[in-house]
Amino acid sequence: MPNSLDQVIRPEILDLLPYHVPSSFGMVKLDAMENPYSLPKTLRDEIAQLAATISLNRYPDTNADLLKSSLRGAMEIPAGMDIMLGNGSDEIIQIVALALARPGAVLMSVEPAFAMFRMIATFTKMEYIGIPLKANFSIDLDAMLTAIDKYQPAVIFIAYPNNPTGNLFDAEAISRIIESAPGVVVVDEAYHAFADTSFMSRLTQHPNLLLMRTLSKLGLAGLRLGLLVGRPEWLTQLEKLRLPYNVGVMTQVVVRKVLQHSDILRQQTDAIKAERVVMSECLEALDGVEVFPTAANFILLRVNEANQVFLELKKRNILIKNLDGSHPLLRNCLRVTVGTPDENKQFLWALQALITKLTN
Ligand code: PMP
């Protein structure tokens with residue numbers, strides 16, 4: 001007789017709730033920070049032709065040198081820094097945690113932050129410490145420095161801009177954290193395309209800084225490509241944990257092709273940034289809605305009855321993210337991704353109608 005599952009599977013895995021991705025079929029999908037625009041037909045045709053030439057019977061290039069050199073140019077990666085690729089940046093977080101998960105090692109972040117930081121700490125048996133942000137979602141530098149001193153974290157993850165709050169933390173506060181950290185600090189720039197600032201140029205100043213980016217929010221979420229940039233001494237060790245063929249041949253070829261048309265990606269991100277302003281202003285004009293500043297492609301808002309608003313929007317086929325209950329600072333908070341002007345209008349009209357109904 002085999003043992004029962006709970007005698008075999010690690011208890012912390014049995015206790016985990018699965019990462020829930022709601023079905024979005026037929027919905028106005030404003031829940032996952034995707035770029036709402038598709039690529040122009042001419043470029044899609046070029047991609048189709050290219051796809052026809054790929055040797056699907058062969059494994060992909062494990063080093064992906066051509067892709068890395070395209071990324072190096074497109075992202076202005078400083079000379080002397082290496083690149084490690086991941087199947088999405090989620091996978092990179094996991095590789096970093098796996099490498100640093102000595103017994104008792106701490107993975108630190110702020111709270112609220114990207115949920116995967118905590119989840120991956122659990123996957124890899126690291127101890128997770130989350131330091132609460134201030135009520136306005138700025139970083140509590142004193143609390144962070146005290147916690148760094150106390151817990152000596154092996155790694156600190158800081159998303160810049162932060163998800164789910166959307167704001168940029170003070171760059172000097174992050175630098176102080178990097179300087180005080182005994183281990184490595186990963187600045188996660190998943191939303192870099194929508195912010196006008198980056199830690200990329202600071203890589204040369206800080207020996208323990210690693211910088212993470214993703215192509216997901218730029219319009220290529222379906223291809224799953226993330227990258228980590230940093231000093232060769234770190235990346236050589238992390239590379240040992242990367243599974244050899246984690247970035248498929250289709251991803252390698254298509255990303256290279258799309259990066260040759262970076263003007264298209266820039267036009268799309270500019271359109272999203274312009275719509276973000278329109279949407280924030282419309283939301284601010286609504287009674288009973290508090291809108292938080294954002295440097296990302298989503299907006300965090302607080303309403304009076306978040307659960308009800310979320311469910312009623314869902315009934316109207318509009319899917320956003322309900323954050324109520326996920327952290328005390330996010331009481332009655334909702335997160336909406338900036339979509340196309342038409343999608344945003346549908347959301348705003350539905351929200352306005354609901355708020356009027358709920359307050360009468
Ligand atoms: N970092 C942050 C802050 C995110 O919000 C996300 C996705 N929501 C990711 C990393 C992971 O993105 P991906 O795996 O698609 O690269």
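**Close-up views of a predicted model**

Alanine 274 lies in helix α11. The structure shown in these views is a predicted model.

**View 1. Alanine 274 in helix α11 and its separation from alanine 79**. At 43% relative accessibility, alanine 274 is partly exposed. Alanine 79 is 195 residues away along the chain, and the C-alpha atoms of alanine 274 and alanine 79 are separated by 33 Å.

**View 2. The salt bridge between lysine 273 and aspartate 196**. The closest N and O atoms of lysine 273 and aspartate 196 are 3.0 Å apart. This pair links distant parts of the chain, 77 residues apart. Lysine 273 belongs to helix α11, residues 262-284, while aspartate 196 sits in the loop between β6 (184-188) and β7 (209-214). Aspartate 196 has a relative accessible area of 70% and is therefore exposed. A search of the whole structure gives 15 salt bridges.

**View 3. Surroundings of the ligand**. The ligand is surrounded by 13 residues, of which Ser89, Asp188, Tyr191, Thr214 and Ser216 are the closest. Sorted by class, this shell holds 4 nonpolar, 5 polar and 4 charged residues. Two of the contacts drawn here involve oxygen atoms of the ligand. In one, a polar side-chain atom of serine 89 is 2.7 Å from a ligand oxygen. In the other, an N or O atom in the side chain of tyrosine 191 lies 2.6 Å from a ligand oxygen. On the nitrogen side, an N or O atom in the side chain of lysine 217 is 3.1 Å from a nitrogen atom of the ligand. The ligand taken alone exposes 390 Å², and the protein buries 92% of that area.

**View 4. Salt bridges of glutamate 312 with lysine 315 and arginine 316**. Between glutamate 312 and lysine 315, the closest N and O atoms are 3.2 Å apart. Both of these residues lie in helix α12 (residues 306-315), with a spacing of 3 residues, about one turn of the helix. Glutamate 312 also forms a salt bridge with arginine 316, where the closest N and O atoms are 2.9 Å apart. The three residues fall into three accessibility classes: glutamate 312 is buried because its relative accessibility is 15%, lysine 315 is exposed at 62%, and arginine 316 is partly exposed with a relative accessible area of 38%. Elsewhere, salt bridges that share partners join Arg10, Glu12 and Lys125 into one network.

**View 5. A nonpolar surface patch formed by Leu5, Val8, Ile9, Ile13 and Leu14**. The patch covers about 430 Å². Helices α1 (5-8) and α2 (11-14) are the elements that give two or more residues to the patch. Isoleucine 9 is located in the loop between α1 and α2. Its relative accessible area is 33%, so isoleucine 9 is classed as partly exposed.

**View 6. Two cis peptide bonds in the loop between β5 and α8**. Most peptide bonds are trans. The bond from tyrosine 160 to proline 161 is cis, with omega near 0°. The bond from asparagine 163 to proline 164 is also cis, with omega near 15°. Proline 161 is found in the loop that runs between β5 (155-159) and α8 (171-180), and proline 164 has its place in the loop between β5 and α8 as well.

**View 7. Positive phi at phenylalanine 137 and glutamine 152**. Most residues other than glycine have a negative phi. For phenylalanine 137, phi is near 70°, a positive value. Phenylalanine 137 is placed in the loop between β4 (127-132) and α7 (141-151). With a relative accessible area of 1%, phenylalanine 137 is buried, the cut-off for that class being under 20%. Glutamine 152 likewise has a positive phi, near 45°. The loop between α7 and β5 holds glutamine 152. Glutamine 152 has a relative accessible area of 45% and is therefore partly exposed, as this class lies between the buried limit and the exposed limit of over 50%.

How values were computed
Residues are numbered from 1 along each chain as its sequence is written. This is a predicted model: local features need pLDDT of at least 70, side-chain atom pairs count only at pLDDT 80 or more; totals for chains, interfaces and linings use all residues. Side-chain values use heavy atoms; hydrogens and water are left out. A residue is near a molecule or strand if one of its heavy atoms lies within 4 Å of it. A polar contact is a pair of N or O atoms within 3.5 Å; within protein, one must be able to donate a hydrogen and the other to accept it, and residues adjacent in sequence count only if both atoms are side-chain atoms. Accessible areas come from the Shrake-Rupley method with a 1.4 Å probe; for residues, only the protein chains shown count as cover. Ala, Val, Leu, Ile, Met, Phe, Trp, Tyr, Cys and Pro count as nonpolar, Asp, Glu, Lys and Arg as charged, and the others, Gly among them, as polar. Patches are made of residues with over 30% relative accessible area and no salt bridge: like charges are joined within 9 Å, nonpolar side chains (Val, Leu, Ile, Met, Phe, Trp, Tyr) within 5 Å. A salt bridge is a side-chain nitrogen of Lys or Arg within 4 Å of a carboxyl oxygen of Asp or Glu. Helices (H or I, at least four residues) and strands (E, at least two) are DSSP runs, numbered from the N terminus. Buried means under 20% relative accessible area, exposed over 50%, partly exposed in between (1.4 Å probe, protein chains only).
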